[in-house]
Amino acid sequence: MSMATLSAYPTPNPNPNFLPPSEQASQEPLPQIQHNNLSPDSDSDPSPSSNPSFHTPIPNPPEAVPSATPPPSLLHLSFNQDHGCFAAGIDHGFRIYNCDPFREIFRRDFDRGGGIGVVEMLFRCNILALVGGGPDPQYPPNKVMIWDDHQSRCIGELSFRSEVRSVRLRRDRIIVVLEQKIFVYNFADLKLLHQIETIANPKGLCAVSQGAGSLVLVCPGLQKGQVRVEHYASKRTKFIMAHDSRIACFALTQDGQLLATASTKGTLVRIFNTVDGSLLQEVRRGADRAEIYSLAFSSNAQWLAVSSDKGTVHVFSLKINGGSPSPDRSRSTSDPVTSPQSSLSFIKGVLPKYFSSEWSVAQFRLVEGSQYIVAFGHQKNTVVILGIDGSFYRCQFDPVNGGEMTQLEYHNFLKPEAAF
């Protein structure tokens, strides 16, 4: 059960750090939410504006936090759709950062606590989706608040009967993920378009295509190890039995044609064609069981990056012709031929599959046990790594010789502004 209701918030406070709608129109038409089509449901929870246990935003961001103040607790970390920015939900607000060059774009701090457990950006525009989190949530954890940072207020909300696990945004859709259900809404009027039932999904796993074409949505199926692919243009649903163990992580290319999956075992990553469900490639992260934290395709689907609790980020070479053709997809003479394989692969018919596995081309070592998410940078052959401890790394890999990546940059984004 879900419902869309209105919320009322304090006076507008335009934020100069976002591109104004007039400048964005040519490249990113923004969703216009029509409030007059919505009405508060009598069965809904009280809106945060009328509930004293939730907090109103401070209209202007405060001055730099004194260095004596302990760093904030990080509740959420995610890249935006093109990996050019990332968002951090903290125990008293949220912050938005640019990846290259690295800098804090802006922050919103809420009074009296105000934890944000989910921040989902919409490319670089002023619309974000927020969900309360932490010990002192800014909003109820069962609501998605649509925040307009030009007005510094919430302009709409979606209420649910259980906690929201994650949110995905497209210019035309809002996708809300609960423990065992996914709701797809039209962005313009918050009208419910589709409901999907899933197996228990505590991490809120869900991926959506971001290309200009139609929506492709991937989520866990109803069986262990199964993923469900929704092709909305053709109105087709594809089920893929990706692994024997439960699904731990997956990623989708921008056009939605390729899907990378990992299981809770964490040793193999499989790449599928989402249209027919065929297995295109399999790469090996390692021999030991590991928890995969994130998977990411490069923009041209030539590379795949993987982060895990083993403290190593791996980059694999993909030998796939799927996905949208683009000028940089054509391989030059300097590009690698294949991923490294075991020297014993010539007797792969006799030895276990392990020896014929494709291994990563490049690696970057981190602190083992800490949680990291990864994406490809906008500079060629670069990788951006974000840690739940506040670490930001930008690294470069050698596409021909591979090996250890070169660290280009490091920051701790949770430190006070003076540290930048």
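This passage walks through some strands, salt bridges and buried residues of a predicted model.

The structure is a predicted model, so local features need pLDDT of at least 70 and side-chain atom pairs count only at pLDDT 80 or more, while totals for chains, interfaces and linings use all residues. Residues are numbered from 1 along each chain as its sequence is written, and side-chain values use heavy atoms, with hydrogens and water left out.

Strands come up throughout, so here is how they are set: helices (H or I, at least four residues) and strands (E, at least two) are DSSP runs, numbered from the N terminus. Two strands pair if DSSP finds at least two bridges between them. One open sheet has 4 strands in the order 14-15-16-17, with antiparallel pairing. Its edges are strand 14 and strand 17 (236–241), each of which pairs on one side only. Inside the sheet, strand 15 (residues 216–220) meets strand 16 in the antiparallel sense, over 5 bridges. Across that pairing, Leu-217 stands opposite Glu-230 in strand 16.

Strand 16 (residues 226–231) also holds Gln-226. With a relative accessibility of 8%, Gln-226 counts as buried; buried means under 20% relative accessible area, exposed means over 50%, and partly exposed is in between (1.4 Å probe, protein chains only). Setting aside neighbours within four places in sequence, Gln-226 is in contact with Pro-220, Gly-221, Phe-239, Ile-240, Met-241 and Ile-247, where contact means heavy atoms within 4.5 Å. Take Ile-240: 14 residues separate it from Gln-226 in sequence, and in space the two are 5.6 Å apart, C-alpha to C-alpha.

Another antiparallel pairing joins strand 12 and strand 13, again over 5 bridges. Here Val-184 stands opposite His-194 in strand 13. The two strands, 12 and 13, form a hairpin with 5 residues between them, and Leu-190 in the turn has a positive phi of about 55°.

Strand 12 turns up again in the largest nonpolar core, as one of the elements that give two or more residues to this core. A nonpolar core is a set of buried Ala, Val, Leu, Ile, Met, Phe, Trp, Tyr and Cys residues joined through side-chain atoms within 4.5 Å. This one has 22 residues, of which Val-144, Phe-160, Val-167, Ile-174 and Val-176 touch the most other members. Besides strand 12 (181–186), the elements giving two or more residues to this core are strand 7 (127–132), strand 8 (143–148), strand 9 (153–160), strand 10 (166–169) and strand 11 (173–177). Strand 9 is also where Cys-154 sits. Cys-154 is buried, since its relative accessible area is 0%. Between the C-alpha atoms of Cys-154 and Leu-128, which are 26 residues apart along the chain, the separation is 9.3 Å.

Charged residues come next. Side chains of opposite charge can pair when their charged atoms come close. A salt bridge is a side-chain nitrogen of Lys or Arg within 4 Å of a carboxyl oxygen of Asp or Glu, and by this rule there are 13 salt bridges. One of them joins Arg-107 to Glu-104, with the closest N and O atoms 2.7 Å apart. Both partners count as buried, Arg-107 because its relative accessibility is 4% and Glu-104 because its own is 15%.

The salt bridge between Glu-291 and Lys-203 has an N to O distance of 3.9 Å. This pair links distant parts of the chain, 88 residues apart: Glu-291 is in the loop between strand 21 (279–284) and strand 22 (292–297), and Lys-203 in the loop between strand 13 (192–197) and strand 14 (207–208). Glu-291 is partly exposed, at 35% relative accessible area, and Lys-203 is partly exposed too, at 44%.

Arg-270 forms a salt bridge with Glu-282, and the closest N and O atoms are 2.7 Å apart. Arg-270 belongs to strand 20 (residues 268–273) and Glu-282 to strand 21, so the pair ties together parts that are 12 residues apart in sequence. Arg-270 and Glu-282 are both buried. Elsewhere, a network of salt bridges links Asp-100, Arg-394 and Glu-409.

Finally, Ser-307 is found in strand 23 (residues 303–308). Ser-307 counts as buried because its relative accessibility is 0%. Beyond its neighbours within four places in sequence, Ser-307 is in contact with several residues, including Glu-291, Tyr-293, Thr-312 and Tyr-372. The side chain of Ser-307 reaches the backbone oxygen of Tyr-372 at 2.8 Å.

Technical notes
A polar contact is a pair of N or O atoms within 3.5 Å; within protein, one must be able to donate a hydrogen and the other to accept it, and residues adjacent in sequence count only if both atoms are side-chain atoms.
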